[in-house]
Amino acid sequence: MAGGDASSGAAPVLETAGEAEVDAGFEFAFDNEAFSDRVLRIEVVGAGRKRRREGANGQGVRRCEDGEGNTPVLRVKTVHISSVILAAKSSFFFKLFSNGMKESGQRQSTVRIADSEENAFMELLRFMYNGRLTPTTESTLLVDILMAADKFDVVSCIKLCGQRLIGLPMTLESAVRCLDLPCSISMAADLSEAAKKFLAKRYKKFLSTKFQDELMRIPLAGIVAILSWNLPGVASEKSVYDFVLRWADLQYPNSEQRREILSSSLLPMVPLRRSMTNVILIDQPSCIINFSLKREHCSGSFPSGSMRSPPFYCAGHGFFLSAHRRMEPSNSFVLIIQKLEDKGLVRGTVDYDIEVKTTPSLEFTTLWRHTTTTGCTQGFGCSVPWSEVIPDDSPFFIDDKLHIRVHVKITPQP
């Protein structure tokens with residue numbers, strides 16, 4: 001994060017031991033024209049985008065956000081400021097006031113902030129004069145001030161906010177905000193870890209219907225933390241799998257982004273993924289997907305339940321492969337291709353193939369082939385006698401893995 005001393009081209013930061021507070025002797029000068037040499041024009045705009053750190057431009061205007069220059073200004077505030085005081089506390093203002101303004105005789109500087117940042121920014125300005133934060137137990141407000149301090153490079157305020165936040169109870173809103181703190185902020189890692197622990201504890205029973213609305217609004221880092229801490233106690237792996245898919249559908253409407261997040265961040269955490277691996281997530285009219293299933297998972301999971309693959313996509317429709325042991329009417333190993341429930345009907349013809357690699361040829365052999373017509377929603381698959389699948393000398397296991405290949409082709413309705 002920017003900061004440092006005057007020898008490095010940034011403002012010298014005044015700090016004391018302990019709670020990183022600065023000299024409080026200039027409170028009388030805040031917004032006092034008699035003790036000010038400049039006017040700070042604060043343009044408040046309706047919305048801010050993702051924070052982007054930039055230097056000051058040639059006119060002394062701080063372009064804080066992408067696209068802010070075209071955003072209508074809601075209101076304007078002016079504050080009388082001392083350039084010496086602000087430059088001493090903030091390397092941002094040090095650079096702003098050093099950027100040719102002295103030579104031009106310019107006495108007004110402009111910053112542009114989002115309306116959601118206004119209260120925090122005014123607190124930050126006061127802090128630079130008096131070295132104190134308004135007493136508060138609201139962790140969300142402290143996060144706002146922390147973000148403003150990082151944005152305008154007020155190192156002493158960043159440290160003080162971080163120390164205060166560590167000592168306050170988390171709320172849902174502050175925890176979510178702390179997960180998104182930039183790594184440039186000191187104590188960001190500690191605050192992020194505290195937020196993860198708070199969310200993991202709050203949503204220990206994350207599959208309960210009580211929390212579903214809240215959970216759908218939590219960002220990726222929070223969901224990863226909740227799954228990491230609470231998966232061992234979950235009874236239904238399928239429920240976890242369905243929860244992850246539902247969350248991803250709401251958070252990532254773009255199918256390509258959704259598949260990337262699922263395959264790289266979430267599905268590897270779901271226990272089902274350890275049973276069926278090497279899934280290739282693609283989205284073409286015709287696709288071939290490879291799975292591998294360990295012998296130990298077959299013998300360990302059956303007949304208590306089924307195993308389900310991560311999703312794969314074909315022509316915009318989602319599918320998955322499930323495997324289970326069926327006892328009636330005959331003891332058999334069953335593989336079924338099913339559609340994801342929320343993807344709508346397939347309008348066209350669907351061709352399915354299921355193949356397995358066998359010994360001694362080590363080539364794939366077709367187990368089952370089937371064609372369905374428009375509007376069909378049921379799953380389709382095949383069964384193999386259990387006695388042929390599980391023995392040590394079974395031709396279906398190679399190095400204790402069952403290698404499955406699924407081919408799906410969708411021909412759209414004319």
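**Strands β10 and β16 and their partners**

Strand β10 (residues 317-326) is largely enclosed by the rest of the structure, because seven of its ten residues are buried. Here, buried means under 20% relative accessible area, exposed means over 50%, and partly exposed lies in between, using a 1.4 Å probe and protein chains only. Strands are DSSP runs of E with at least two residues, and they are numbered from the N terminus. The model is predicted, so local features need pLDDT of at least 70 and side-chain atom pairs count only at pLDDT 80 or more, while totals for chains, interfaces and linings use all residues. Residues are numbered from 1 along each chain as its sequence is written, and side-chain values use heavy atoms, with hydrogens and water left out.

A good place to begin is the set of partners of β10. Two strands pair if DSSP finds at least two bridges between them. Strand β8 (residues 306-308) meets β10 in the antiparallel sense over three bridges, and Arg308 stands opposite Ser322 of β10. Strand β9 (residues 312-314) also runs antiparallel to β10, joined by three bridges; here Tyr313 faces Gly318. Between β9 and β10 lies a hairpin with two residues in between, and Ala315 in this turn has a positive phi of about 50 degrees. On leaving β10, the chain passes through five residues in a hairpin that leads to β11. Strand β11 (residues 332-339) pairs with β10 in the antiparallel sense over eight bridges, with Phe319 opposite Lys339.

Attention now turns to β16. Strand β7 (residues 286-294) and strand β16 (residues 401-412) are antiparallel and share nine bridges, one of which places Ile288 with His407 as its partner. Nine bridges also link β16 with strand β12 (residues 348-358), again in the antiparallel sense; in this pair, Asp351 has Lys409 as its bridge partner. The short run β15 (residues 397-398) is joined to β16 by two bridges, antiparallel, and Ile398 stands opposite Lys401. These two strands, β15 and β16, form a hairpin with two residues between them, where Asp399 in the turn shows a positive phi of about 55 degrees.

Finally, the cysteines deserve a word. A disulfide is counted when a pair of cysteine sulfur atoms lies within 2.5 Å, and the structure holds zero of them. Which cysteine is buried, at 1% relative accessibility? That residue is Cys178. Cys183, in contrast, is exposed, because its relative accessible area is 80%.

Conventions. Helix = DSSP H or I, 4+ residues; strand = E, 2+ residues; numbered from the N terminus.
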